[in-house]
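Work through the three exercises below with the structure in view. Try each task before you read its solution.

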Amino acid sequence: MMVFNSELAMRREPLKSSQLPMPLAMGIGSRSQRGAALVLGMIFLLVITLLAITVTGNSALQLRMAGNLRNSQQSQMSANTALRGAEWNIWRSTNVVGGQLICTDGSLSAQGCVMYNPANTSMYGPGGVVTQFREGSTWPATGIQYQGPAGTGGYTGASLNTAQLAKNPRYIIEDLGRVRPPGAGPQQESGAGTGVSGSVRVNTYRITARAAGGNDNAIRVLQSTFDAQTRN
């Protein structure tokens with residue numbers, strides 16, 4: 001009876017893999033290895049995917065930063081070009097004796113010039129023409145559109161490729177009045193013009209240029225002052 005129970009217990013005890021026949025033991029081991037390889041492969045795939053997403057995001061960010069920098073530089077150079085063009089127009093209008101730039105009071109002349117008068121609210125008030133040109137968030141329709149030295153063509157043509165601008169730059173000119181020597185009057189700058197017969201009267205002009213880059217997202221507003229003769 002005791003021998004029978006011992007044999008029954010031995011029959012109930014599961015066999016170890018080392019005790020199994022060789023083909024069956026090898027089948028169990030290979031199935032376990034295939035499962036571990038699948039898990040490791042999924043982990044590596046997830047890591048590579050995360051790295052690819054990060055690299056792609058960084059590349060897109062760098063492209064946007066480079067594009068913004070390019071637009072900013074284009075608007076800066078365009079505004080400087082308009083300033084130099086306006087200065088040339090002032091000099092060309094005043095480089096002969098008796099020549100002058102035509103400026104009007106209360107409005108822009110055909111040459112884009114207004115006489116400086118801060119009391120004139122239509123020009124210098126919160127919604128004035130000059131104020132909006134300097135500070136407005138929308139592109140102004142006033143002022144002179146600068147299209148190059150020849151006055152034609154401009155900078156928005158598709159043939160310019162990478163140099164193409166969204167808008168041609170614009171400028172306005174303000175006649176700040178006569179240049180006076182120190183202590184001779186409420187003027188911003190000093191000079192030698194005294195109004196004596198035979199002397200040249202010099203006025204100071206303030207130029208404001210507004211320019212865009214390759215798109216309307218980059219806007220630059222620059223100013224310069226320029227002294228030129230006017231009539232006595």
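The model is predicted.

**Exercise 1. The disulfide**

Task: Find which cysteines the disulfide joins, and work out its handedness.

Solution:
- Step 1. Search the whole structure: there is 1 disulfide.
- Step 2. Its partners are Cys103 and Cys113, with the sulfurs 1.8 Å apart. That is within the 2.5 Å cut-off.
- Step 3. The torsion about the S-S bond is about 80 degrees, so the disulfide is right-handed.
- Step 4. Place the ends. Cys103 sits in the loop between helix 2 and strand 1, and Cys113 in strand 1, so the bond ties together parts 10 residues apart in sequence.
- Step 5. Both Cys103 and Cys113 are buried.

**Exercise 2. An aromatic pair**

Task: Decide whether the rings of Tyr116 and Tyr124 are stacked, tilted or edge-to-face.

Solution:
- Step 1. The count of aromatic pairs is 2.
- Step 2. For Tyr116 and Tyr124, the ring centres are 5.3 Å apart and the planes meet at 85 degrees.
- Step 3. Edge-to-face needs an angle over 60 degrees, so this pair is edge-to-face.
- Step 4. Tyr116 has 32% relative accessibility, so Tyr116 is partly exposed. Tyr124 has 15%, so Tyr124 is buried.

**Exercise 3. The nonpolar cores**

Task: Find which element gives the most residues to the largest nonpolar core.

Solution:
- Step 1. This core has 18 residues; Ile90, Cys113 and Tyr205 are among those that touch the most other members.
- Step 2. Helix 2, strand 3, strand 4 and strand 5 each supply at least two residues.
- Step 3. Helix 2 gives the most, with 5 residues.
- Step 4. Another core, of 6 residues, lies apart and includes Tyr124 and Phe133.

Conventions: Residues are numbered from 1 along each chain as its sequence is written. This is a predicted model: local features need pLDDT of at least 70, side-chain atom pairs count only at pLDDT 80 or more; totals for chains, interfaces and linings use all residues. Side-chain values use heavy atoms; hydrogens and water are left out. Rings of Phe, Tyr and Trp (its six-membered ring) pair if their centres lie within 6.5 Å; planes under 30 degrees apart count as stacked, over 60 as edge-to-face and the rest as tilted. Buried means under 20% relative accessible area, exposed over 50%, partly exposed in between (1.4 Å probe, protein chains only). A nonpolar core is a set of buried Ala, Val, Leu, Ile, Met, Phe, Trp, Tyr and Cys residues joined through side-chain atoms within 4.5 Å. Helices (H or I, at least four residues) and strands (E, at least two) are DSSP runs, numbered from the N terminus.
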